[in-house]
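Biologist: I have just opened this one and would like a slow walk through it. Could you take my questions as they come?

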Amino acid sequence: MRYTNLVLTFVFISLATNAQSVVKFPFISNQGANVMNSGSSWQIQSRITPSIDGQTIYNIRYHVDGKSAIIGTTDFYLYRISLLDGSMIWKTEAKMMYQKEFDGPKIFDVSPDGKSFLSFGQTDPNLQTSERYLLIRSTENGGITKVFKPEFSLFHSITADIDYRYPGDEVRLSREESGLAPNWILTIDSAKFIDQGKRILASYKHNMDGPHFYDRRLIVYDTNTGRKLNDFQLTADPNSADWSQPAGFEIAHYQFPYQYLEKRNTILYGNAHGRIHELNDTTMNQNSKISLVEEKPAGPIIYIPQSDSEDIQVKDRQTIRSIAITPDGNTLYCSGGVESGYIQLYAFNLTTKKEIFRSSLFDVGEILAPSSQILVLGSFTPSGKFYIVDTKKGEILFASDDDENYIHPNLFITHPKQKEILALSTGNQIVFLRPQGGTTPW
């Protein structure tokens, strides 16, 4: 990647019909001092070392009270800690089969009422190829309160000659005896509470890595009953699809970013071909009733980010890495790019259907938009940068470095109510980032 001179440049285009204004962000060099407006910049205000038995933090989420957090560690334990001093409130085991060097129980989301959180379990913790499934745990003690059934693949393609639907016990036993892993298993990828916690939106991916990244699903559940309400199989849109490839994708779908747009009761998701689609209940229902993946509707395209890179021949194939929607439902942010190293950040107005800006920010892997004015950005790789941006004033409020201001670019979360960010620094040290002065709402 082009790390020699990282430049963060946003160009805003006014949507007014009678005027056009341009605001540029300051240049930031990847080496040397950061450039920030010292009068409005955020700072690391305090630090704690949580009481988690010296284990490595894998995942962290605020509780909705803003005074405690839930942490998953790489030895497969879950903790709830006080953010006042890092002391342990409770600890519980979440035993899993280690699948990769950096792995652990993930806290997907905390319910709006603060009583529960979404995580995952495994049908056989001693068997690596067993299913990881969605479950709900209590925030009071970490205990499991609801278990969702493991999901099997429904992937079926005639043109790509692939059928991952469960073949029956005879084939299952035959594959086991031959030492082959089952190819009909899905694993939970992520999940979030939607509709004020009444429903859960979850994404699934094929349990086998490598060429199977196209086999992805979105499923909506009723939170109280656990009943499946709707289902969607990822498929390429007809205009960009290559049906000789599974699901029509010529590019592996490493990420499957999605957000629930409460304002319209729809789901926005990004695919490997650089398309952002919008789904409603009707489209999801139609998709789930059709067997062949090449015949399933993908949902209407609302935005196709275009690359500015001279090194990329196909400008509209920016694999979508991450998406975020402002709380007012008006602005969509997304990052898109290719594995060769050119990733851009885009903003799109969901009301006018117009692109607001695109920037040459490299390596954006994580985007959070806690307000209509503040944008929080993390690099795609652990060695990359972390930024807090004011999108109205066009200012960098915070930029990480490799010393006192180091922030892990993949392990941070915004406070549910006030201007505060919880992030992992060096080791197991958790830092609190806030603007200067007193705390204020987002």
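Biologist: Let me start in the middle of things: how many of the seven residues of strand 8 (residues 132-138) are buried?

Modeller: Seven of the seven are buried, so strand 8 is largely enclosed by the rest of the structure. Buried here means under 20% relative accessible area, while exposed means over 50% and partly exposed lies in between, with a 1.4 Å probe and protein chains only. Before going further, please keep in mind that this is a predicted model, in which local features need pLDDT of at least 70 and side-chain atom pairs count only at pLDDT 80 or more, whereas totals for chains, interfaces and linings use all residues. Residues are numbered from 1 along each chain as its sequence is written, and side-chain values use heavy atoms, with hydrogens and water left out.

Biologist: Which strands pair with strand 8?

Modeller: Strand 7 (residues 116-122) runs antiparallel to strand 8 and is joined to it by seven bridges, with glycine 121 standing opposite tyrosine 133. Strand 9 (residues 144-147) also pairs with strand 8 in the antiparallel sense, over three bridges, and there leucine 135 has valine 147 as its bridge partner. Two strands count as paired if DSSP finds at least two bridges between them, and the strands themselves are DSSP runs of E with at least two residues, just as helices are runs of H or I with at least four, numbered from the N terminus.

Biologist: What sits in the hairpin of strand 8 and strand 9?

Modeller: There are five residues between the two strands, and glycine 142 takes a positive phi near 85 degrees in that hairpin.

Biologist: Stepping back, how many helices and strands does the protein have?

Modeller: It has two helices and 30 strands, and of its 442 residues 55% count as buried. Among contacts with a separation of 6 or more, 51% come from residues 24 or more positions apart, where contact means heavy atoms within 4.5 Å.

Biologist: Okay, on to sheets. What is the strand order in the open sheet that holds strand 12?

Modeller: The order is 12-13-14-15, four strands with antiparallel pairing. Strand 12 (186-194) and strand 15 (228-233) stand at the edges with a single partner strand each, so one side of each is left without a neighbour in the sheet. Neighbouring strands of this sheet are turned by 20 degrees against each other on average, direction ignored; such angles are taken between N-to-C directions and run from 0 to 180 degrees, with axes fitted as lines to C-alpha atoms, for helices over the stretch in contact. Within the sheet, strand 13 (residues 199-206) and strand 14 (residues 216-222) pair over seven bridges, and serine 203 stands opposite leucine 218 in strand 14.

Biologist: And which strands does helix 2 touch?

Modeller: Helix 2 (residues 281-288) packs on the sheet and touches strand 13, strand 14 and strand 15, its direction making about 70 degrees with that of strand 15.

Biologist: What about the other open sheet, the one with strand 20; which are its edge strands?

Modeller: That sheet has four strands in the order 20-21-22-23, again with antiparallel pairing, and its edge strands are strand 20 (319-325) and strand 23 (354-359), each pairing on one side only. Strand 21 (residues 331-337) and strand 22 (residues 343-349) are joined by seven bridges, and serine 335 has leucine 345 as its bridge partner.

Biologist: Changing topic, how many aromatic pairs are there?

Modeller: The count comes to 17 aromatic pairs, taking rings of Phe, Tyr and Trp (its six-membered ring) with centres within 6.5 Å, where planes under 30 degrees apart count as stacked, over 60 as edge-to-face and the rest as tilted. One of them is the tilted pair of phenylalanine 213 and tyrosine 254, at 4.8 Å centre to centre and 55 degrees between the planes.

Biologist: Where do phenylalanine 213 and tyrosine 254 lie?

Modeller: Phenylalanine 213 lies in the loop between strand 13 and strand 14 and tyrosine 254 in the loop between strand 15 and strand 16 (258-261), so the pair ties together parts that are 41 residues apart in sequence. Phenylalanine 213 is buried, with a relative accessible area of 15%, whereas tyrosine 254 counts as partly exposed at 42%.

Biologist: Last one: which residues do ring pairs link into a cluster?

Modeller: Phe232, Phe256, Tyr258 and Tyr269 are linked in that way.
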